[in-house]
Amino acid sequence: MAATTVVSTGADKDAAGLRRRTAVADDGSKLLEGEDKKKELKRSDDGIDIENIVAPILFTLLSFFTRMYKIGRSNIVTWDEAHFGKFGSHYLKREFYFDVHPPLGKMLVGLSGYMAGYNGSFEFKSGETYPENLDFTFMRVFNATFGALCVPLAYYTAKQFRLSKPAAWLVTLMVLCENSYATISRFILLDSMLLFFTFTTVLCFARFHNLQKKSFSFEWFSWLILTGISVGCVCSVKWVGLFATALVGLYTVEDLWNKFGDLKMAKPVYAAHWVTRIIGLIVIPTLVYMASFKAHFIILENSGPGDAQMSSLFQANLKGNDLRDSPLEIAIGSRATLKNMGYGGGLLHSHVQTFPEGSGQQQITCYHHKDSNNDWFFYPARDQPDYDADSPDLRFIGNGDVIPPVTKADHEVSCYGNLTIGDNKDHWKVEVVDDTASSDRSKIRTLTTSFRLRHQVLGCYLRAGNVNLPQWGFKQIETTCVKANHPRDKFTHWNVESHWNEKLPKADVKAFRSPFLKDFIHLNVAMMTSNNALVPDPDKQDDLASYWWQWPILNVGLRMCSWDDKITKYFLLGNPIVYWGSTASLGIFVALVVIYLIRYQRGYGDLTQDDIDQFHYSGVYPLIGWLFHYLPFVAMARVTYVHHYYPALYFAILVFGFVFNHLAGKLPTGARMGAYGVAYVTVIGLFVLFIPISFGMEGPASQWSHLKWFDNWRIA
């Protein structure tokens with residue numbers, strides 16, 4: 001009876017049954033080099049690959065058609081054109097404004113208006129008809145160009161991820177025939193620019209990875225620099241670009257870690273990899289981002305509606321405001337506005353409305369808009385001689401002086417009384433912190449002196465953080481008196497912004513200088529603060545808002561304009577097969593990874609080193625990109641809309657392309673071509689079916705009821 005040997009691992013000890021493990025780096029490199037040589041040899045035998053030339057040209061032409069056909073059909077201000085068109089107007093009028101997004105995309109909107117001959121005079125009120133002298137169609141075409149160019153970028157990215165030609169076409173078709181991309185690209189918005197730079201970042205990152213064997217070559221350096229520029233641009237349009245930055249950063253960390261384990265690599269070479277990546281992927285993006293703000297400050301040289309968000313010193317350098325006309329030194333009897341120096345800080349403000357609880361006295365808040373309720377007077381303390389407005393004598397305010405602008409009850413700061421009614425709890429002591437123009441602290445100076453106000457009786461400090469009051473406080477900034485003594489707490493620092501005193505001469509404008517870096521940081525923190533304040537209002541119903549869980553399953557769309565019968569209507573909704581297919585592919589990809597890991601552990605060699613490498617860089621990284629762009633919105637407290645999912649959708653499409661390419665590759669040739677054919681027809685067919693929501697629906701909405709597959713699709 002013959003003996004039988006049982007091997008529990010599933011791998012025999014002979015060569016045929018030997019457990020297949022990941023090949024070592026050298027063998028894997030040789031395998032890839034061999035494949036590359038075969039491809040090069042095939043090209044030399046067959047001549048020029050016509051598909052590489054014809055396909056992207058054809059896709060690009062179709063893309064421009066789908067993004068621009070009848071783009072001027074609706075002549076009304078549609079959806080967020082009311083915001084971004086207005087911001088473009090500010091650049092043309094060179095008026096300073098404030099917005100939660102970085103300036104690059106809005107400067108490009110302004111550029112489109114300049115190229116269209118627009119003078120910036122239109123107010124871009126939502127639903128308003130565009131005037132005849134504003135070529136809004138050109139401005140829309142300018143924006144749509146960014147959306148149209150996303151299609152060839154998707155094609156080349158799929159090629160860099162080494163997908164087969166049919167799979168590359170499928171990915172490109174899904175971007176081309178994605179109704180939401182086609183619709184949102186047709187208006188004066190930032191989303192087409194955000195998508196464009198997201199696409200360029202992924203393409204540059206993929207190409208840079210494929211050049212690892214040519215490290216430090218001219219081409220390698222070029223794509224590294226292009227990646228850095230693209231990262232800087234995508235972050236300069238919207239902060240959502242930081243998620244693409246995180247993806248590139250994760251790849252870079254992994255790449256450097258792998259090189260750290262390469263014992264054959266010389267230390268100077270490894271150090272050079274670090275230096276080049278720091279310059280290319282940190283320094284260059286930072287410079288691009290900062291350059292967009294520098295241009296923003298240079299262009300917007302005039303005073304405008306966003307002045308109050310910036311420091312008083314910055315405002316003094318804007319043309320058209322009255323800050324430069326202020327007297328320099330503060331005296332008893334001066335009327336002034338007090339600006340909180342915390343990032344995003346407002347002006348000390350009081351109005352006739354009272355606190356609903358606590359003292360029941362007049363509210364004191366911080367407010368970014370300028371009005372007479374921001375004006376305060378400096379008067380002597382109650383135990384000092386009264387101020388005589390007719391006297392020529394001047395008494396200047398300095399460090400340690402006691403003044404009575406407000407009173408305090410518990411930690412609530414409120415207004416009470418007048419010059420005759422009150423007590424010593426009305427008194428505040430001035431503590432000078434710094435002066436950017438002088439070392440003399442005996443006087444408070446307009447704009448340049450920062451000081452704290454300490455309550456004379458309670459010893460607490462006047463503070464305005466970034467907490468917004470409820471509706472009874474008109475969402476203005478809560479102003480309190482804090483007991484903690486933190487001299488470096490910027491939210492307890494104040495400066496005099498506007499100053500009026502007929503007895504004092506005007507200041508020399510040379511005394512007011514504002515450094516760029518300080519303004520850059522201040523504006524970015526103010527943007528962050530305002531962005532975090534965009535939370536859903538429980539007192540209002542927002543029919544356009546949606547939730548994160550609704551996006552991947554295409555549970556909801558968005559009406560971009562009025563649904564009146566006489567209006568050309570646009571509905572922001574995706575291609576169902578693109579959404580559902582890409583979302584399903586995320587789960588399928590994870591399942592594939594788990595199955596292959598289990599089989600690998602049991603000794604099966606389903607994947608070559610080349611397959612593993614493609615799974616890693618062409619599958620895992622797009623999945624991580626989707627997670628980076630999607631999961632933050634799960635945790636965000638701010639109000640969200642369907643277009644927030646569009647960058648994440650692109651990464652889901654890339655995952656779909658990889659999964660389809662991988663699974664179809666296991667089918668016989670006929671079945672594989674049939675599968676791709678069905679996919680092409682379905683994607684194109686559904687795009688054509690829903691194309692009215694992108695090109696514009698005219699007449700009664702009821703005639704489009706066949707497109708309302710679900711109740712949440714409020715097309716009809």
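# Report on the chain fold, helix 2 and salt bridges

Of the contacts in the chain that join residues at least 6 apart in sequence, 75% are between residues at least 24 apart. The model under discussion is predicted. The chain contains 18 helices and 14 strands. Of its 716 residues, 51% count as buried. Its accessible surface amounts to about 32900 Å², and carbon and sulfur atoms account for 61% of that area.

## Confidence

The chain has a mean pLDDT of 88, and 88% of its residues reach 70 or more. Residues 1-45 have a pLDDT below 50, and this stretch makes 34 contacts in the model beyond near neighbours in sequence. Residues 404-410 likewise have a pLDDT below 50, with 33 contacts beyond near neighbours in sequence.

## Helix 2

Helix 2 comprises residues 51-68, 18 residues in total. From the first C-alpha to the last it reaches 25 Å, which is close to the 26 Å expected at 1.5 Å a residue. The buried residues in helix 2 are E51, A55, P56, F59, T60, S63, T66 and R67. Viewed down the axis of helix 2, these buried residues fall within an arc of 140°, and they therefore line one face of the helix. The general background is that an α-helix has 3.6 residues a turn, so residues three or four places apart point the same way.

Which elements are included in what covers the buried residues of helix 2? Among them are helix 5 (136-160), helix 6 (165-176) and helix 7 (179-184). The cover also includes helix 17 (669-689) and helix 18 (691-695). After helix 2 comes K70, which has a positive phi, near 55°.

## Salt bridges

Side chains of opposite charge can pair when their charged atoms come close. A search of the whole structure yields 22 salt bridges. Three of these pairs are listed below with their N to O distances.

| Basic residue | Acidic residue | N to O distance |
|---|---|---|
| K106 | D99 | 3.0 Å |
| R277 | D255 | 2.6 Å |
| R452 | E431 | 3.5 Å |

In the salt bridge between K106 and D99, the closest N and O atoms are 3.0 Å apart. Are the two partners buried or exposed? K106 has a relative accessibility of 1% and so counts as buried. D99, at 14% relative accessibility, also counts as buried, since buried means under 20% relative accessible area.

The side chains of R277 and D255 form a salt bridge at 2.6 Å, N to O. R277 belongs to helix 11 (residues 267-299) and D255 to helix 10 (residues 241-260), so this pair ties together parts that are 22 residues apart in sequence. Both R277 and D255 are buried.

The third pair, R452 and E431, meets in a salt bridge at 3.5 Å, N to O. Here R452 lies in strand 9 (residues 449-455) and E431 in strand 8 (residues 428-435), so the pair ties together parts that are 21 residues apart in sequence. R452 counts as buried because its relative accessibility is 5%. E431 counts as buried because its relative accessibility is 17%.

Salt bridges also occur as a network in this chain: R94, E301 and K319 are linked in this way.

Terms used. Residues numbered from 1 in each chain as written. Predicted model: local features only at pLDDT ≥ 70, side-chain atom pairs only at ≥ 80, totals over all residues. Heavy atoms only, no water. Helix = DSSP H or I, 4+ residues; strand = E, 2+ residues; numbered from the N terminus. Expected span 1.5 Å × (residues − 1). Buried < 20%, exposed > 50% of the residue type's maximum accessible area, 1.4 Å probe, protein only. Arc of directions from axis to C-beta. Contact = heavy atoms within 4.5 Å. Areas by Shrake-Rupley, 256 points an atom, 1.4 Å probe, with all protein chains shown as cover. Salt bridge = Lys/Arg side-chain N within 4 Å of Asp/Glu carboxyl O. pLDDT = per-residue confidence, 0-100.
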